[in-house]
Amino acid sequence: MSEKTVLLSEEEALSLSRKILLKKGFSDDFSRAISETVIAGQKDGCASHGLYRILGCINTLASGGVVPDAEPHIEPSSGGIVKVNANGGFSQLAFSLGLPLLIEKTKENGIALLAINHCVHFSALWIEVEQITKRGLVAIVCNPTQAYVAPHGGSRPLLGTNPFAFGWPRPGNLPFVFDFATSAIARGDVELHEREGKQIPDGWGVDSQGQGCNDPRVVLEEGALLTFGEHKGTALSMMIELIAGPLIGDLMSYESSQHDDGKGALPYHGQVIIAIDPAFTAGNNFEKHLSRAETFFSLVESQGARLPSRRRYESREKSEKYGIEISENLYLELCSLLHD
Ligand code: NDP
């Protein structure tokens with residue numbers, strides 16, 4: 001039997017989310033920014049990064065894992081580097097503060113890097129990627145999380161779920177974007193399986209003995225998730241630990257777990273956002289080169305393969321037309337937060 005759902009307009013979803021977050025103690029700015037993020041996720045059919053995340057934000061605040069009224073500030077930096085200190089708040093306001101300077105430096109130098117430090121991060125990365133591609137720039141974004149994932153050949157959590165995203169601007173079209181966890185699956189999806197009493201598929205996680213395990217609770221509490229692609233996913237995940245950790249003077253996933261000290265808050269660490277201007281790297285004829293990319297995308301699609309993000313864009317279009325779909329159970333749980 002399929003799960004019952006309700007449809008909300010964007011205004012209704014925003015209003016519900018903002019009211020809950022304000023009631024729980026977040027500043028007006030954070031209540032708005034978090035709401036916009038989770039509603040973007042819900043609209044695009046990314047349930048694990050949609051309105052469900054409000055519960056994690058509230059738990060994180062209750063456990064002391066986030067500063068609800070933090071004010072990010074720009075740190076001194078030189079060359080093509082922008083550094084923003086989130087001062088213990090969620091990443092959204094730090095990203096908004098750093099973005100204009102990142103774009104300015106990219107347009108000056110051809111490439112720039114925004115390092116966000118000391119943030120709590122929970123969102124899907126395509127939201128940040130699309131802010132960059134819509135300015136005609138290429139984007140690469142990644143961050144560590146907490147120690148939830150065993151390295152290939154190991155059995156204990158050490159790596160984060162470490163998302164990695166790439167965006168390519170497509171003039172007159174929605175960008176080419178892929179955005180994935182380097183774990184076999186985002187942790188939020190395993191949590192959703194647990195909430196819904198469902199087993200998880202083979203290959204997502206192991207128990208405390210390193211044996212394949214289909215019980216989401218055991219994987220989350222006693223075992224570990226696995227990286228995708230065996231040693232290849234592990235290597236990519238390790239790169240993310242390094243470039244969004246020590247390279248920017250911030251925590252790796254296992255250090256973030258130590259910082260959390262059992263509170264169970266959303267992860268606290270840094271994030272790396274790189275922007276590249278094709279007008280510099282491809283030269284005067286960059287528009288011609290971008291059109292070659294269009295031919296390439298058509299060749300991919302002509303084989304029946306789909307471009308990453310197409311499912312998301314279709315879901316966005318549907319949400320804009322008919323309303324944002326949310327599970328009835330989650331909707332009732334969120335409404336109850338306004339009255340407890
Ligand atoms: P998925 O495996 O669901 O999807 C990964 C990417 O592959 C998406 O861009 C998706 O596009 C694309 N894709 C999926 N199926 C196909 C297909 N058949 N053909 C072509 N492309 C395809 O994502 P994950 O579960 O790994 O990650 C989900 C989200 O979790 C990400 O947005 C990530 O940023 C987020 N996350 C965030 C973390 C954080 O710390 N903030 C931590 C971990 C994950 P489409 O969406 O259109 O299906």
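Here is a short tour of this structure, stop by stop, with something to select at each one.

**Before you start**

You're looking at a predicted model, where local features need pLDDT of at least 70 and side-chain atom pairs count only at pLDDT 80 or more, while totals for chains, interfaces and linings use all residues. Residues are numbered from 1 along each chain as its sequence is written, and side-chain values use heavy atoms, with hydrogens and water left out.

**Stop 1: the ligand**

Select the ligand and the residues around it, using the rule that a residue is near if one of its heavy atoms lies within 4 Å. That gives you 24 residues, of which H49, S123, D179, A181 and R311 come nearest.

Which parts of the fold supply at least two residues of this shell? Color β8 (176-181) and α12 (310-322), since each of them does. (Helices here are DSSP runs of H or I with at least four residues, strands are runs of E with at least two, and both are numbered from the N terminus.) The largest share, four residues, comes from β8.

Now color the shell by residue type: eleven residues are nonpolar, seven polar and six charged. In this scheme Ala, Val, Leu, Ile, Met, Phe, Trp, Tyr, Cys and Pro count as nonpolar, Asp, Glu, Lys and Arg as charged, and the others, Gly among them, as polar.

Next, turn on distances and look for polar contacts (pairs of N or O atoms within 3.5 Å). Try these:

- R306: a polar side-chain atom sits 2.9 Å from an oxygen atom of the ligand.
- R312: here a polar backbone atom is 3.2 Å from a ligand oxygen.
- A186: again a polar backbone atom, this time 3.4 Å from an oxygen of the ligand.

How much of the ligand does the protein bury? On its own the ligand exposes 930 Å², and the protein buries 74% of that. Those areas come from the Shrake-Rupley method with a 1.4 Å probe.

**Stop 2: helix α4**

Select residues 91-109, which make up α4. This helix has 19 residues and reaches 25 Å from its first C-alpha to its last, close to the 27 Å expected. The expected span is 1.5 Å times one less than the number of residues.

Where does α4 kink? Zoom in on G98, shortly before the proline P100, and you'll find a kink of about 35 degrees. The bend is the angle between axes fitted to the seven residues ending at a position and the seven starting there.

Then pick out the buried residues of α4, among them F95, G98, L99, L102, I103 and T106. Buried means under 20% relative accessible area, exposed over 50%, and partly exposed in between, with a 1.4 Å probe and protein chains only. An α-helix has 3.6 residues a turn, so residues three or four places apart point the same way.

**Stop 3: strand β4**

Move on to residues 111-120, strand β4, and click on H118. Its phi is near 55 degrees, a positive value in a residue other than glycine. Most residues other than glycine have a negative phi. H118 counts as partly exposed because its relative accessibility is 26%.

A115 is also in β4. Is A115 buried or exposed? It's buried, at 1% relative accessibility. Draw a C-alpha to C-alpha line from A115 to E75: they are 40 residues apart in sequence and 10.0 Å apart in space.

**Stop 4: three loops**

Find N162 in the loop between β6 (149-150) and β7 (163-168). N162 has a positive phi of about 30 degrees, although it is not a glycine, and it is buried, with a relative accessible area of 0%.

Go next to G79, between β2 (73-75) and β3 (81-85). G79 counts as exposed, because its relative accessibility is 53%. Its C-alpha is 35 Å from that of C57, 22 residues away along the chain.

Finish the loops with L51, between α2 (28-43) and α3 (53-62). L51 is buried, at 1% relative accessibility.

**Last stop: helix α9**

Select residues 253-260 and look at D260. D260 counts as buried, with 6% relative accessibility. Now add Q146: the two are 114 residues apart along the chain, yet their C-alpha atoms are separated by 8.7 Å.

Definitions and conventions: A polar contact is a pair of N or O atoms within 3.5 Å; within protein, one must be able to donate a hydrogen and the other to accept it, and residues adjacent in sequence count only if both atoms are side-chain atoms.
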